[in-house]
Structure formats: structure tokens, C-alpha cells
Amino acid sequence: MKRALFIDRDGTLVVEPPVDYQLDSLEKLEFYPKIFRNLYFIRKKLDFEFVMVSNQDGLGTTSFPEETFWPAQNKLMKALEGEGITFDDLLFDPSMPEENSPNRKPRTGMLHKYMDGSYDLTNSFVIGDRLTDVELAKNLGAKAIWLYDGEDADQQLKARDLEACCVLCTGDWNKITEFLFAGERRAVIKRTTRETDIYVEVNLDGKGKTDIATGLGFFDHMLDQIGKHAGIDLTIKVKGDLEVDEHHTIEDTAIALGEALLKSLGDKRGIERYGYCLPMDDCFCTVALDFGGRPWLVWDATFNREKIGDMPTEMFLHFFKSLSDAARMNLTIKAEGQNEHHKIEGIFKALARSIKMAIRRDIFNYELPSTKGVL
């Protein structure tokens, strides 16, 4: 079945003019950053049809005569075509909002021919900079990519019941192309034993959002460092037998987290693979890792206290060994300093920064980072 990208124009392909929001002169024409390289890559590598869908308030009236619209529109199309980017369909609705036209986004009146069963709408996308574009995707039965990077994105989507259909929020066309070409890097791991019940969810291309609850306050604080400083979304919920001791909770969390990292990396094409360190006050911590498929841990850190917070220091080594084994990664950790809290927090932060470096993906160089041909 055919697939389509329903792409908004103003604010998505071109920068929306301020004040009147009308692109009615060549002087106002400004291309959205990075569209040429990315649209060409999508057009060349993927099988989507390109459909431009745009509300143009009052087009053809005295407030927005057609002779002021077409010069900029034609210039846009000529520039795109010059870079090998063609559109299969152009759809403009000239109505005003108060008219409640069935053709005006987010309504689907202009798109009936794409809803006749010949298109795979569940694997098609609406790309636009407004919530009405997300609503259009919902009404079509497609997925939405919202060209927006505000911190309130989740709240806005939730307020309008649009969370389920919006699969990506970003202001960067590079991220859109990466998503369309290489897909999501998410994983959910559920691990249940007689000793622990663990849920881990990872999104490697997230924004550092974390939701951590293991029953051990200091352990939560350390795991939070991984999400925040690696820039990954990380949810970890643990119910463990803390009435026995902390061992099973810490060990099994490491195993589940490692499995989630391994699963979310997929075939590892395009990633940097390696990561490297940071100071924290009196301490210097180095973490080097390799997502090369072979587990190994080198540990060079000593702690003189029995516990930091409610976490036994003897479990630090055990946590990283279990993490290394489950994620199938080489991990070398060294730390020196006087303050025990700073030392272990520095290790977790250095791990996070190493993960951030190693998982960085370049779809324009989408090769396996190995001479073996497999990782």
C-alpha cells in the first residue's frame, strides 16, 4: 500500500511570517532550516508520496489576493525541484476559521482520496508546526510529527488528547528524517522474579525525562543522572524485597536497564559506538564504554564508607558488572577523590555522558561501526 507525508507549508517548509502570517511577497520568503538536505534524503531513500496541505486564510479575497500568493509559492516549488524534491499533490484551503469549512485543517475534506483504502495511513505521517496538524493526523488515522520543541509539548498534547497519535516532537528536520528513516529507539523491559518486579522504559532519542522509583532514594538519584546527562528518557519502577536487603533490587535493575539499552540500540547502524569522563569537585571520574557486543568490566574505584545514603557501596561494582553483562558492552570505570558521594555521582554522570556520545546516530552515514560486519 502507498504511504504519504502530509506536510504543512508555513512554519514547516518556510518560516511563517510574523504579524499577519501571510507569505504574500518574495521579501517574506525564508526557508525553514535544513529542509533541502532532509527532504531530498527522504524523497530519495523512502517510499512516501509528498502532499503539501496548507490553510491559507482568505486566499483569493481582497485580504489575500492570489497574485500575491503565487510568486512566493512558485519560488518555493522551483527551489525544491532544483534540489530534487517534488510534491505529488498540493492542497490549499482558502477558508477563514469562522467558516468551519470541511476542507480546513484539521478537517479532512481535502484528503478524501487518501482515505479510500489505497493508502496505508497508519504508517503515513502529518508533519506540521501546529496542534491542528496533530489533530489532522488523528482525524486521518495517521501519525503526527509536531515541529515544535517547547518544554510544554507534553502538556499541550495531553490537554487535547493527542498524545497517542503524536510520535515525535522536535524543531529539527534532522530529527524528523532520522525518525522516518531509522525509526524509534525505544525499549520496554519487564522483569519479574520472586525477588523483584521491574519495569524499565528507555527512549534513546528523548530529552532526558526521568521517572525513577526503586525504593532506594540514593539509587534513584544515581539512575536519574543517567537519564538527565545522557539525554535519554528513562522510566524505572521497581518493587523489590528490601525487607531482605538491597542486593536483589540493585542487581536486577542493572540487568533490566542493560537489556533495555541493548534492545533500544537495535542493529547499531550509524551509532558512534564508543563513549568516553568528567570531574566533580574533588573527584575525577573516567568512564569509557564500547557497545561492541562483548561484556567486560574494568573497575578501579574504592570506597571507604559502608553506605552512601541507603545504598551499600559494595553494590556499586555489582551494579556496573550486571549492567555491562546485560547491555553487552565493554565498560572501564576509574575514579579518584576524597568525597565518596561525589565519587559515585561522578561515575554515574560520566557513564551518562559516555552513553550520550556512544548512541549518537548519523543516518547520513548509516553504516555498522565495525570491520566485522556485525556487533
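**Chain overview.** I counted secondary structure first: the protein chain has 9 helices and 17 strands. Both are DSSP runs numbered from the N terminus, with helices being H or I of at least four residues and strands being E of at least two. A note to myself on the source: this is a predicted model, where local features need pLDDT of at least 70, side-chain atom pairs count only at pLDDT 80 or more, and totals for chains, interfaces and linings use all residues. Residues are numbered from 1 along each chain as its sequence is written, and side-chain values use heavy atoms, with hydrogens and water left out.

I then looked up the extent: along the principal axes, the C-alpha atoms of the protein chain fill a box of roughly 80 × 45 × 40 Å. Of its 375 residues, 51% count as buried. Buried here is under 20% relative accessible area, exposed is over 50%, and partly exposed is in between, using a 1.4 Å probe and protein chains only.

**The parallel sheet.** In what order do the 6 strands of the open sheet run? I read β3-β2-β1-β4-β5-β6, with parallel pairing. Two strands pair if DSSP finds at least two bridges between them. β3 and β6 (166–170) are the edge strands, each pairing on one side only. From one strand to the next, the twist averages 20 degrees. For such angles, axes are lines fitted to C-alpha atoms (for helices over the stretch in contact), and values run from 0 to 180 degrees between N-to-C directions.

I went through the pairings next. β1 and β2 are parallel over 5 bridges, and arginine 3 stands opposite phenylalanine 48 in β2. Helix α1 (residues 35–45) lies across β1 and β2, at about 135 degrees to β2. Helix α5 (residues 173–182) also packs on the sheet, where it touches β1, β2, β4, β5 (143–147) and β6, and its direction makes about 150 degrees with that of β6. Contact means heavy atoms within 4.5 Å.

On the other side of β2 (residues 48–55) in my list, 5 bridges join it to β3 in parallel. Methionine 52 stands opposite leucine 90 in β3. Getting from β2 to β3, the chain passes through helix α2 (residues 66–82), and this β-α-β crossover is right-handed. That label applies if, with the strands pointing away from the viewer, the path from the first strand over the helix to the second runs clockwise. Is β3 mostly covered or uncovered? Mostly covered: 4 of its 5 residues are buried.

**Rings and charges.** I found 20 aromatic pairs in the structure. Rings of Phe, Tyr and Trp (its six-membered ring) pair if their centres lie within 6.5 Å; planes under 30 degrees apart are stacked, over 60 edge-to-face, and the rest tilted. I picked out phenylalanine 6 and tyrosine 114, an edge-to-face pair at 5.3 Å centre to centre and 85 degrees between the planes. Phenylalanine 6 sits in β1 (residues 3–7) and tyrosine 114 in the loop between β3 (89–93) and β4 (125–128), so the pair ties together parts 108 residues apart in sequence. Phenylalanine 6 and tyrosine 114 are buried. I also noted one aromatic cluster formed by Phe219, Trp299, Phe319, Phe320 and Phe348.

Arginine 3 came up again: its charged end sits over the ring of phenylalanine 48, 3.9 Å from the centre. Arginine 37 lies over the face of phenylalanine 364, 3.5 Å from the ring centre. The criterion is NZ of Lys or CZ of Arg within 6 Å of the ring centre and within 35 degrees of the ring normal.

**The mixed sheet.** Here 4 strands form an open sheet in the order β7-β8-β10-β9, with mixed pairing. Its edge strands are β7 (186–192) and β9 (210–213), and the twist averages 5 degrees from one strand to the next. β8 (residues 196–203) and β10 (residues 233–240) are antiparallel over 8 bridges; asparagine 203 has aspartate 233 in β10 as its bridge partner. Helix α6 (residues 217–230) touches β9 and β10, its direction making about 160 degrees with that of β9.

**Strand β17.** Which residues of β17 (residues 330–336) are buried? Leu331, Ile333 and Ala335 point to one face and are buried, whereas Asn330, Thr332, Lys334 and Glu336 point to the other and are not. This fits the rule that side chains in a regular strand alternate between the two faces of the sheet. β17 pairs antiparallel with β13 (residues 283–290) over 7 bridges, and parallel with β14 (residues 296–300) over 5.
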